[in-house]
Amino acid sequence: MVDALPALRSTPSTSNGQTMEDEDIVRDASGSVVSGGAESLISLLLPSSSTSSSSEDASTYAFTLLLNIRTTMAPIDVLISLFHQTMYSQNSRGGNFCREKRSELFHTMYSLASMWSTHIPHDFTNQEMIRRLEELLQLVCIDEEHRVKSNQLILTLKSTLSRIDRYEKALATLVVKQEEELASSQSIIGLFSISSDTSLISQQLTHIELERLSMMALDDIVLAISESSHDSLLASPSHPSVNSCIHWFNRLSSLVATEILRHSRKRLRASIIDSWIETAKECFDRGNFNSTCAIVAGLNSTPIQRLKRTWSKVDRAKLDILQHQLDPSGNFVSYRSTMKAALWRAEGASKDDEKVIIPFFGLLLKDLFMIYHNNPRELPNGHLNFKAFSLLSSSLYPLAEWKRRTVSFPRHPIILQYLLVAMTYEEDALLLRSFEYEEPDTPTEKEMHKKMKKAS
Amino acid sequence: AAMDPTGAGTSNDEFKFKVVLLGEGAVGKSSLMLRYVQGQFNPRHISTIQASFLSKQLTVEGSDIDLSIWDTAGQEKYHALGPIYYRGSQGALLVYDVTDAKSFDKVKMWVKELRRALGEDVILFIVGNKVDLADSRTVDGEMARGFATEVGATYEETSAKENIGVENLFELMCSAMVTRARVGPSNRGTTNGGTRNGRRTIRIVDEPTTGRKCC
């Protein structure tokens, strides 16, 4: 089996150069690529005489390679190499001049360009990349129909890019409203005074999550996990889509605590906690696990956790269920099985709203980080470890799908605005307020409170 | 390890401990864990994703210990996630890179946060990793040790790469947790006491117990 496949692939096995790919590629018993040199791996993006690979396989292969190879080779160099190899292949064999072969070449390159520009569009924010892609498509066009399709692809790509640009600019203009000091009110203020409808609020949270998810750049994720060995806790500007997702999570969590501590009366604080728990549950039921987790994290923050008298007025049963879902025990075993069930449910769903999956992005990032750093990317013989590439991309592939899901429920601009820009406070300010509402009751807390009062 | 129901055995204390690894990105949290894993287990039995969570049975000072270690690598920027990980922990390894002063500042932040959230009951270890890179060291070991003493933490240095001090680190942590658990939870902390489950065994439970808000 192992020997049979390369033989099948290398039709003109006698000619020089043509079989380079076969010598420099290692496959497993089922014919899947295990490892190879960079140029050889790129050459596999070209049509082959192999009949075994379906177009779906080809697309998975291309996705995996393009997403991963960037950690060793810049996208522009991949495109240049692809261009050269395509030109070479056109001219290397007489047989490749026939219409059928040239048409096959066009369709292969077109599918590749389409996959690339759909799933990894950020690569083309560089003008040179667009120019090179156009060049490649021109090279393989053989008739007017091809040219029309190619032009259409480039136009779609450009509109995607301008959408990304607009989104990034919009994110940058989101300025959080500044207040002098955390207000302390005797009546309901803040988010739940706009609406006490937790279902409506969970819908708006889902809108925010889906928007961030849809703009998530997969290439950003790969670079973010590969570089995390160099960057600090400070946001690194090179992966804006990843950072905006992390920033949002931290913000939501802090908003949860802030909203609770805006209220000086115990009964109201308990009622806000109830509303957050209800909101988290609604998010959970919608498949919005990221918001659920952020809310639960906020409810677990020290300034909120310590409010024992407030918590005594809260029905904890619902929170306990959510806590259990997000318990890190057994490497988040509960969450992972819930996720499986949610995927299963989404698959069978008929309405768009029921197909939504917004994963707990922090855990996804951690899993990807582990896959990336615990598998060698390069092997001692200089080959790129394609098995490791596949492992990583198979964890990213579902995300590429979830990014494209949409919901039908309406946007509520006032709530959205509040969620995105309302003031949140640092933990110190929140803790100080928490001590004001409920006195420190352990020696540690008393000492802490003394220190904080001195400092402020 | 089986519990001795009669309590007739000589050393049948049984503990369940949870230790969380915290620190800035790139300080080597995962490497420490992997090094410990490789020293202790056959790594073939551990899939990559499982490697971020380790559960192990061991015996320290005659006590059977069920130890879970939670790694937070890759999630350093998720500061809101901290409580989800550390609540209910008996021990925390706060790791910094001896060649990176900024990573030591992060350790100071963690000390503050953990003392606030868990009080004095959590055993803190401050770990200076990458001591193999002596030439580019920027954080003075004595200064770090001094800081640790000041905040009631234990100071250790390791090199996950050269396998220096790694096993010792986890053993010291376990024995410190055993000592603490035998004395019983102090009444100073805000959370995190163990529960005694009758007989002669003491069991530290890391599942949320009723009435306590931990995850």
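Two strands count as paired if DSSP finds at least two bridges between them, and strands themselves are DSSP runs (E, at least two residues), just as helices are runs of H or I with at least four residues, both numbered from the N terminus. With that in hand, Arg27(A) turns out to stand opposite Val33(A) in S2(A). This is a predicted model, so to speak of local features a pLDDT of at least 70 is needed, side-chain atom pairs count only at pLDDT 80 or more, and totals for chains, interfaces and linings use all residues. Residues are numbered from 1 along each chain as its sequence is written, chains are lettered from A and ligands numbered from 1 in the order in which they are written, and side-chain values use heavy atoms, with hydrogens and water left out.

Back to the sheet. S1(A) and strand S2 (residues 33–36) of chain A run antiparallel to each other, joined over three bridges. Three strands make up an open, antiparallel sheet in the order S1-S2-S3 (chain A). Strand S1 (25–27) and strand S3 (384–385) of chain A sit at the edges with a single partner strand each, so one side of each has no neighbour in the sheet.

Next come the domains. An assignment that is automatic or from a database splits chain A into domain 1 (20–166) and domain 2 (188–357 + 405–455). The contact (heavy atoms within 4.5 Å) draws ten residues from domain 1 of chain A and seven residues from domain 2 of chain A. The C-alpha centres of these two domains are 41 Å apart.

How much area do domain 1 of chain A and domain 2 of chain A bury between them? The figure is about 750 Å², with 74% of it on carbon and sulfur atoms; buried area here is the accessible area (1.4 Å probe) that two parts lose on being put together, summed over both. On the domain 1 side, Leu67(A), Arg70(A) and His122(A) lose the most area to domain 2 of chain A, together 50% of what that side buries. The rule finds zero salt bridges across this interface, a salt bridge being a side-chain nitrogen of Lys or Arg within 4 Å of a carboxyl oxygen of Asp or Glu. Helix H4 (55–69) and helix H8 (144–173) of chain A are the elements that give two or more residues to the domain 1 side of the contact.

Elsewhere, salt bridges do turn up: the whole structure has 28 over all chains. One joins the side chains of Glu144(A) and Arg147(A) (3.6 Å, N to O). These two residues are three apart in helix H8 of chain A, which means about one helical turn separates them.
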